[in-house]
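Me: Please take a close look at a single part of this protein, and set out carefully how that part relates to its surroundings.

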Amino acid sequence: MQERIMQQKMKKYLVLSILFILPITAYIFFSLSTNYFKPLPVLTKNVAELDGFTTLDGKPVQLEDHITILGFFGRDLEAHRAYAYNLAHKIYTKNHSFREFQFVILLPEGTQSQARNVEQKLAEIAPTDSWLFAFGSDDKITSVFHSLQSNITIDSGFSTPYVFIIDKERNLRGRDDDKDHGIMYGFDSSQIAEINNKMSDDVKVLLAEYRRALKKYGSSREI
């Protein structure tokens, strides 16, 4: 009888200990995860601003103060529209509602009609208020692309399947230790697996980085 009472007391103390220790352990875990949060690496600083580019509505567009997915889909947009659809399904639909988040696809002057056709198709996937086709001269497109200082090339039609993550300070973000590629300046929008498994995660990390900054300084504004 005495032994049974002792066992019951031991169980009681064990339960109380767990209830006491578990919240402390959880607090320490989340505290450490906050302190050691790893931001998305900066690969290139001061990407060129989009001076001189205008949207289908004739409005200016800029990188500063926006989180931007930047693409270069070239003169033959119709041939590369699969890039846009892949990104719309895997990245844009999940993030377009965030303030200051935008997709900007740079195109040469004269491709406006192609862009309108593709935009109509994109509108069937999600509202296109944060998806911008922006038009500029060949020289301006080349200048912006070279400012990325990446190991990626653009073809003679000013097209590449790779898209780039640009933060609010006009820094190119990416991976500096990817297990498959080493440094990843951009993400291949023709590869669903790469968009879904790598780019999607990196966009989440960058958005979380800015959310943490807002909380740190006591702002209730959503990005």
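Reply: What follows takes one strand, then its partners, and then the pockets.

This is a predicted model, in which local features need pLDDT of at least 70 and side-chain atom pairs count only at pLDDT 80 or more, while totals for chains, interfaces and linings use all residues. Residues are numbered from 1 along each chain as its sequence is written, and side-chain values use heavy atoms, with hydrogens and water left out.

The part chosen is strand E4, residues 101-108 (strands are DSSP runs of E with at least two residues, helices runs of H or I with at least four, numbered from the N terminus). E4 is mostly covered, with eight of its eight residues buried (under 20% relative accessible area with a 1.4 Å probe and protein chains only; exposed is over 50%, partly exposed in between). In a regular strand the side chains alternate between the two faces of the sheet. In E4, Phe101, Phe103, Ile105 and Leu107 point one way, whereas Gln102, Val104, Leu106 and Pro108 point the other way, and all of them are buried.

E4 pairs with strand E3, residues 67-73, in the parallel sense over six bridges (pairing requires at least two bridges found by DSSP), and Ile67 stands opposite Phe101 of E4. Between E3 and E4 the chain passes through helix H2, residues 81-95, in a right-handed β-α-β crossover (with the strands pointing away from the viewer, the path from the first strand over the helix to the second runs clockwise). E4 also pairs with strand E5, residues 131-136, again in the parallel sense and over six bridges, and here Pro108 stands opposite Gly136 of E5. Together with helix H3, residues 112-122, E4 and E5 make a right-handed β-α-β unit.

H3 and E5 also lead to the largest pocket, which has a volume of about 220 Å³ (a pocket is an open set of points on a 1 Å grid where a 1.4 Å probe fits, with protein on both sides within 12 Å along at least five of seven lines; lining residues have an atom within 4 Å of a point). Of its 14 lining residues, Thr55, Leu56, Asp57, Trp131 and Leu132 are the closest to its centre. H3 and E5 are the elements that give two or more residues to this lining, and the largest share, three residues, comes from E5.

Methods
Grid points are joined across faces, edges and corners, and a volume is the space filled by probe spheres set on the points.
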